[in-house]
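Welcome, and please open the structure in your viewer. We will go from one selection to the next and look at what is there.

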Amino acid sequence: MFSWLGKQAAGGRAGAGGGGGGDAVQTVTGGLKELYMRKLLPLEEHYRFHDFHSPALEEADFENKPMVLLVGQYSTGKTTFVRYLLEQDFPGMRIGPEPTTDSFIAVMYGDTEGSTPGNALVVDPKKPFRKLSRFGNAFLNRFMCSQLPNEVLKSISIIDSPGILSGEKQRISRGYDFCQVLQWFGERVDRIILLFDAHKLDISDEFSEAIKSFRGQDDKIRVVLNKADQVDTQQLMRVYGALMWSLGKVINTPEVLRVYIGSFWAQPLQNTENRRLFEVEAQDLFHDIQSLPQKAAVRKLNDLIKRARLAKVHAYIISHLKKEMPSVFGKENKKKELISRLPEIYVELQREYQISQGDFPEVKKMQEQLEVCDFTKFHSLKPKLIEAVDNMLANKIASLMNLISQEENSMPTQMVHGGAFDGTMAGPFDHGYGEGAKEGAGEEEWIVAKDKPVYDEIFYTLSPVNGKISGVSAKKEMVTSKLPNSVLGKIWKLSDCDNDGMLDDEEFALAKHLIKIKLDGYELPNNLPPHLVPPSHRKPLQMSE
């Protein structure tokens, strides 16, 4: 995808690759993997990071396509949403008003259609799921991979999750830690989409816990308010407000989450009042998903930085606990005391090493994990391991980030294609086709002509001289629109086709038309489209071009 050129950017790999040829050009993905293996992994292993936080990363974690995780309560349209994007069924798909999807389904590209059960999936080194084996057979029996030859899946993979239930069913029936599995996926996917039904906005305790498992991944989360065509405009306003209020209680961030409103399935809208809103929202969501391949390298880099910061903090915590332990007597009592004092230890370490509070793991979870640990087997602080990670963050990552930016600028934009993404990319159903400044494109008659008689009446009240009005006269009429001067100035430049500082009747009608476009909520074009050029000014423009 990208090239990582030179030994210096690779962090001094001389001799590591067994020859000079492999050092000349290496992908960014390969560079990230090597940085992790050489700089970060030794620190993680020395301080048992994998037992507390996240399993070690493998080659497939760096090589896999961008992944999108769908999460929501049952019957919010998660599986239908996947079907809508792909525009075809996939193996294992079940849709219904009851809780139908009882498994995690990884929908991925394959040359032939088929499915792979979870137990076989976690031993495949080419798939990024090997570390899921730690969740046991109860989970693996509810995990599968659906493969099919679909254009969308050439660029991204989609993870469909079981509908979140409420009450004892959620906690008992699953047989595995549902939130832990979600956390595992949340750390590795590029986008987390939370789906809500316009008729089921209540966030159950179980759904709340599921959302909280994405702590630290807030930048990946998007919210979809699905089935919004089943309510009218007034109800939709209330539903949206209720959803934002509910989310505010669960996701503790000062920023407001982006919520996409629409009806994401290939069926007629039940209520067409908000059709234009749904179309705009769908386009925004499509653009967000389509941009994932382009941002994949940056996302992996960002996740590696977050992991490195957490691993450093973890090393400080573990080494501090080791240092505080007595050498002979009273070990168990000291262990209990240190666990209870963990919040205070966090504060001490913050001050000593100038660490941000947000880099520390959750206190309660850390205390629970420490209960079953033997502190005497912890290691003391090893400055060389910390220095290696600091060097990676300060130098290697920065140079790699510059190379990613250079490659992104030189490479063609990578976008998701196929399925529903192609349905709105061209033709009359392209977003904005025939609207705003695009209205009248391809028509023989000048689109402004239909309203020109009304504009002419205004024009002749402004006392034209030799068929033209001055800029002063035009300004008096244009400011009545109450648009800011910056907008009116742009409209003047677009309308004064011959740049003589005056407007004839056609140029004035064009100015009024552009004002109407802006007042209707559309953007003005940067350059005047050919179909908007007044008929009497078209030949001179064409000749000058």
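Which residues of α15 are buried? Select the helix and you will find Leu342, Ile345, Tyr346 and Leu349; buried means under 20% relative accessible area, exposed over 50% and partly exposed in between, with a 1.4 Å probe and protein chains only. Seen down the axis of α15, these buried residues fall within an arc of 105 degrees, so they line one face of the helix. The arc is taken from the directions from the helix axis to the C-beta atoms.

Before moving on, a word on the model: it is predicted, so local features need pLDDT of at least 70 and side-chain atom pairs count only at pLDDT 80 or more, while totals for chains, interfaces and linings use all residues. Residues are numbered from 1 along each chain as its sequence is written, and side-chain values use heavy atoms, with hydrogens and water left out. Helices (H or I, at least four residues) and strands (E, at least two) are DSSP runs, numbered from the N terminus.

**Around α15**

Now show what covers the buried residues of α15: this includes α13 (292–324), α14 (331–340) and α16 (363–370), where contact means heavy atoms within 4.5 Å. Just after α15, pick glutamine 354, which takes a positive phi of about 50 degrees.

Next, select histidine 320 in helix α13. Histidine 320 is buried, with a relative accessible area of 7%. Leaving out residues up to four places away in sequence, histidine 320 touches Ile345, Glu348 and Leu349. Add serine 380: its C-alpha atom is separated by 7.5 Å from that of histidine 320, although the two residues are 60 apart along the chain.

**On to α16**

In α16, colour Met366, Gln367, Gln369 and Leu370, which are buried. They cover an arc of only 165 degrees around the axis, which puts them on the same side of α16. Turn to the other side of α16 and you meet Lys364 and Glu368, both exposed. The buried residues of α16 pack against α3 (49–52), α13, α14 and α15.

**The nonpolar cores**

Which residues have the most contacts inside the largest nonpolar core? Select Phe104, Phe129, Phe185, Phe196 and Leu225, in a core of 49 residues. Such a core is a set of buried Ala, Val, Leu, Ile, Met, Phe, Trp, Tyr and Cys residues joined through side-chain atoms within 4.5 Å. A second, separate core has 45 residues, including Tyr47, Ala311, Leu321 and Leu342.

**Ring pairs**

A search of the whole structure finds 22 aromatic pairs. Rings of Phe, Tyr and Trp (its six-membered ring) pair if their centres lie within 6.5 Å; planes under 30 degrees apart count as stacked, over 60 as edge-to-face and the rest as tilted. Zoom in on phenylalanine 104 and phenylalanine 185, a stacked pair at 5.5 Å centre to centre with 15 degrees between the planes. This pair links strand β4 (residues 104–109), home of phenylalanine 104, with helix α9 (residues 178–188), home of phenylalanine 185, 81 residues apart.

Then try phenylalanine 286 and phenylalanine 421, a tilted pair: 5.0 Å centre to centre, 55 degrees between the planes. Phenylalanine 286 lies in helix α12 (residues 275–290) and phenylalanine 421 in the loop between α17 (383–410) and α18 (452–460), so the pair ties together parts that are 135 residues apart in sequence. Both phenylalanine 286 and phenylalanine 421 are buried.
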